[in-house]
Amino acid sequence: MTVVGRLLAIALLSQLFTCAVADEQDVRSGARIYLERCALCHGSKGLGEGPMALLIRDYPDTSLKNEVAPNRSIQKIVESGLISQPSGVSSPPWQHELVAAEISAVSAFVDIIRSDFEQAQRELASANVAPDRIDGRKIYRARCESCHGTTGQGDGRMSRVIVNPPPSDLTRSVLSHEESIEIISAGGAKLGRSPRMPPWGQELVYAELISVATYLATLRAAEAD
Ligand code: HEC
Ligand code: HEC
């Protein structure tokens with residue numbers, strides 16, 4: 001190889017290397033933006049299991065694994081939104097809330113949900129999201145209210161059939177924040193308590209567990225008032 005050839009090869013390699021690093025950071029921030037902005041409807045795994053989709057009757061299937069608008073680029077949909085037919089419900093436009101780099105990062109992340117679901121799940125599990133960017137109340141309403149009730153008193157619909165023990169009255173819970181997160185994540189059975197308290201650690205990412213536990217604290221405070 002000539003000297004020029006060698007120099008070119010080195011330049012090319014280093015170019016490839018910086019691309020790979022930038023991509024990795026992109027994916028990382030894409031996963032974080034996804035959890036902060038999209039998981040509410042599309043779910044914390046991208047399978048359409050977001051609180052919004054669970055709470056609203058006949059909400060369209062928001063799983064990102066299936067393409068509903070194959071002839072439009074993901075980036076365009078993220079920028080300008082998409083109105084779902086026939087429901088008329090929409091994926092919001094993000095061009096005024098996210099900067100271009102964020103739009104491209106989160107779009108690239110949607111692509112990874114489709115092309116490499118396992119990698120996407122690893123990124124979501126380790127994403128560094130601020131729990132206060134996640135709506136713990138909505139998660140509670142979608143996942144917990146049916147048993148624990150609107151105000152946390154253990155009087156949800158399911159409490160008619162789940163007895164001995166019934167769903168805990170969360171306003172009287174004496175668990176610490178960490179202990180709450182532990183039982184929410186692991187479920188009752190693993191901790192020697194009722195198996196009717198489901199484990200949520202597979203369903204919710206860590207930041208979501210923290211934000212729902214934080215919401216429980218507000219239920220206690222409301223009851224104390
Ligand atoms: C308020 C709820 C909501 C939020 C928040 C939301 N979306 Fe959507 N999204 C939807 C709905 C509803 C659809 C239409 C689904 C259908 O028609 O089947 C959709 C569709 C899409 C589609 C097209 C699906 C496909 O497979 O072709 C993409 C891509 C998408 N959303 C990306 C995002 C991204 C990225 C974010 C976050 C930056 C986001 N959405 C936030 C509700 C939402
Ligand atoms: C299918 C019903 C059901 C659902 C849904 C459910 N729980 Fe529970 N939960 C229970 C039952 C039953 C117990 C009582 C376990 C026991 O006493 O052994 C319990 C106990 C708890 C406790 C322990 C309280 C204490 O002081 O000991 C916490 C915290 C809790 N649940 C939080 C949640 C959260 C948060 C969610 C939603 C993410 C949730 N639960 C969803 C049934 C449920």
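**Iron site and nonpolar core**

At 15% relative accessibility, His42 counts as buried, because the cut-off for burial is under 20%. In this predicted model, His42 is also a protein donor of the iron atom of ligand 1. The other protein donor is Ser91. His42 contributes NE2 and Ser91 contributes OG, and these donors lie 2.0 Å from the iron. Ser91 has 23% relative accessibility and therefore counts as partly exposed.

The iron atom of ligand 1 has 6 donor atoms around it. The angles they subtend run from 87 to 180 degrees, so the arrangement is octahedral. Ideal angles for six octahedral donors are 90 or 180 degrees. His42 belongs to helix 2 (residues 39–42), and Ser91 belongs to strand 2 (residues 90–91). The pair therefore ties together parts that are 49 residues apart in sequence.

The largest nonpolar core holds 41 residues. Tyr34, Leu35, Phe109, Ile113, Leu124, Tyr140 and Ile184 touch the most other members. At least two core residues come from each of helix 1 (3–37), helix 4 (74–80), helix 5 (100–115), helix 6 (117–126), helix 7 (136–143), helix 9 (177–186) and helix 10 (206–224). Helix 10 supplies the largest share, 8 residues. Domain 1 (3–129) and domain 2 (136–224) both give residues to this core, so the core lies between them. In soluble globular proteins, nonpolar side chains tend to be buried together.

The contacts of Ile184 were also listed. Leaving aside residues up to four places away in sequence, Ile184 touches Met197, Pro198, Pro199, Trp200 and Gly201, together with Leu209, Val212, Ala213 and Leu216.

Methods: Residues numbered from 1 in each chain as written. Chains lettered and ligands numbered in written order. Predicted model: local features only at pLDDT ≥ 70, side-chain atom pairs only at ≥ 80, totals over all residues. Heavy atoms only, no water. Donors = N, O, S within 2.8 Å, 3.2 Å for Na, K, Ca; no water. Tetrahedral: all angles 85-135°; square planar, octahedral: opposite > 155°, others 65-115°. Helix = DSSP H or I, 4+ residues; strand = E, 2+ residues; numbered from the N terminus. Buried < 20%, exposed > 50% of the residue type's maximum accessible area, 1.4 Å probe, protein only. Core = buried A, V, L, I, M, F, W, Y, C linked by side-chain atoms within 4.5 Å. Domains from an automatic or database assignment. Contact = heavy atoms within 4.5 Å.
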